[in-house]
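User: I'm new to reading protein models and would love some company. Could you pick one part of this one and walk me through it closely?

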Amino acid sequence: MRIPGNSAFPVMAGHARHRHAWDQILTRRQFIGATALATGATVTAGMWMPALAAPSADPRPIPGGIQPFGPGTEIFHLFLPEPGSEPSSITDFKGNVGICAVQGTGQSDDGRRWLFDVDLRFMQGTFVAKDGRNQRGTFGLV
Amino acid sequence: VAFSKGTVSVDDLDNGRASMSVDDLSLRDFHNIPNALMRGSSDPGTVSYEIEWDGVLSQGEVRNEANRFNLDWVDTDVTVQWSATNEATGFSFESNVGTRQTSIELGQVPLAIVGEETNGTFFE
């Protein structure tokens, strides 16, 4: 299959995994990604880029997800990046997805070395929006 | 919430080729996982990143009745570079190129896939 495409997209926050120290630790979850899980829930509830998608055209979150605080607590509507898990955080979706869950090294502007851990994703295709209409869009998860 | 535009290019899923680019996306820095989960205090920040997926390491399908999704996936090589700035403190970070190998060298198990998914009402 060959599916050409290149489009602007809204980005939402996602999650990342914890890492152990090198000189310092900088995970996406600890830095901005921490927003991720926090936003992961709300993002899917309506923090999509408004410039590209009116509220009525927002996608809905997947019904399942992770519960970091245990059964009966808040659900964060996404799954960890593991083989066999669902990449998309939006439901009623049909399209292309990508996950990049990778660790590595880097440095801050003061010269300190850090580790990083990212989970970056995209979802591009057709989805049924909250207003019940089919829409096309591209979304990122940070 | 501040937003920034990015691009996604899915060039050839059969051969695992796709890319994603985001510049100066405004997000919040929650500093650590517990604070983020509890929606604690945060600082304004920005992130930028570039990802290239390429090559086929393996491929397969997932059909999950419980969560109602199908996934045709291609496991790929990947490169990623990202940077971030905390606008309140001025702290900034820039990564070296991250790959599967850099993850493995750190004792981690990377995941890099592209694919086609259907879920929810499109699940069959």
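Analyst: **Aromatic rings and the strands around them**

Over all chains, the structure holds 6 aromatic pairs. One of them is formed by Trp114(A) and Phe91(B), whose ring centres are 5.2 Å apart and whose planes meet at 75°. Because an angle over 60 degrees counts as edge-to-face, that is the label this pair receives. Please keep in mind as we go that this is a predicted model.

Where do the two partners, Trp114(A) and Phe91(B), sit? This pair crosses between chains: Trp114(A) belongs to strand β5 of chain A, while Phe91(B) is in the loop between β4 and β5 (92-95) of chain B. Trp114(A) is buried, with a relative accessible area of 9%. Phe91(B) is buried too, at 16%; both values count as buried because the cut-off is under 20%.

Now compare a pair within chain B. Trp82(B) and Phe93(B) also have their centres 5.2 Å apart, but with 50° between the planes the pair is called tilted. The two residues are 11 apart along the chain, Trp82(B) in strand β4 and Phe93(B) in strand β5, so this pair links distant parts of chain B. Both Trp82(B) and Phe93(B) are buried. Ring pairs also bring in Phe116(A), making a cluster of Phe116(A), Trp82(B) and Phe93(B).

Trp82(B) turns up again in the largest nonpolar core, which has 29 residues. Together with Leu120(A), Met20(B), Tyr49(B), Ile51(B), Trp53(B) and Val80(B), Trp82(B) touches the most other members. Both chains contribute to this core: β4 and β5 (113-128) of chain A each give two or more residues, and so do β1 (6-12), β2, β3 (43-64), β4 (69-86) and β7 (111-119) of chain B. Another core, of 20 residues, lies apart from it and includes Phe93(A), Ala101(A), Leu141(A) and Ile33(B). As background, in soluble globular proteins, nonpolar side chains tend to be buried together.

Let's return to β5(A), the strand that holds Trp114(A). How many of the 16 residues of β5(A) are buried? The count is 15, so β5(A) is mostly covered.

β5(A) has a partner strand in β4(A): the two run antiparallel and are joined by 15 bridges. You can find one place where they face each other at Gln107(A), which stands opposite Arg113(A) in β5(A). β4(A) and β5(A) form a hairpin with 4 residues between them, and in the turn Gly111(A) has a positive phi of about 90°.

β5(A) also pairs with strand β6 (residues 134-141) of chain A, again in the antiparallel sense, over 8 bridges. Here Gly125(A) stands opposite Gly137(A) in β6(A). This hairpin has 5 residues between the strands, and Gly132(A) takes a positive phi near 90°.

A positive phi appears outside glycine as well: Asp92(A) has a phi near 50°. Asp92(A) is placed in the loop between α1 (33-44) and β4 (93-108) of chain A, and Asp92(A) is buried, with a relative accessible area of 11%. Phi is also near 50° at Asp24(B), but Asp24(B) lies in strand β2 (residues 17-29) of chain B. Is Asp24(B) buried or exposed? Asp24(B) is exposed, with a relative accessible area of 52%.

Definitions and conventions
Residues are numbered from 1 along each chain as its sequence is written. Chains are lettered from A and ligands numbered from 1 in the order in which they are written. This is a predicted model: local features need pLDDT of at least 70, side-chain atom pairs count only at pLDDT 80 or more; totals for chains, interfaces and linings use all residues. Side-chain values use heavy atoms; hydrogens and water are left out. Buried means under 20% relative accessible area, exposed over 50%, partly exposed in between (1.4 Å probe, protein chains only). A nonpolar core is a set of buried Ala, Val, Leu, Ile, Met, Phe, Trp, Tyr and Cys residues joined through side-chain atoms within 4.5 Å. Two strands pair if DSSP finds at least two bridges between them. Rings of Phe, Tyr and Trp (its six-membered ring) pair if their centres lie within 6.5 Å; planes under 30 degrees apart count as stacked, over 60 as edge-to-face and the rest as tilted.
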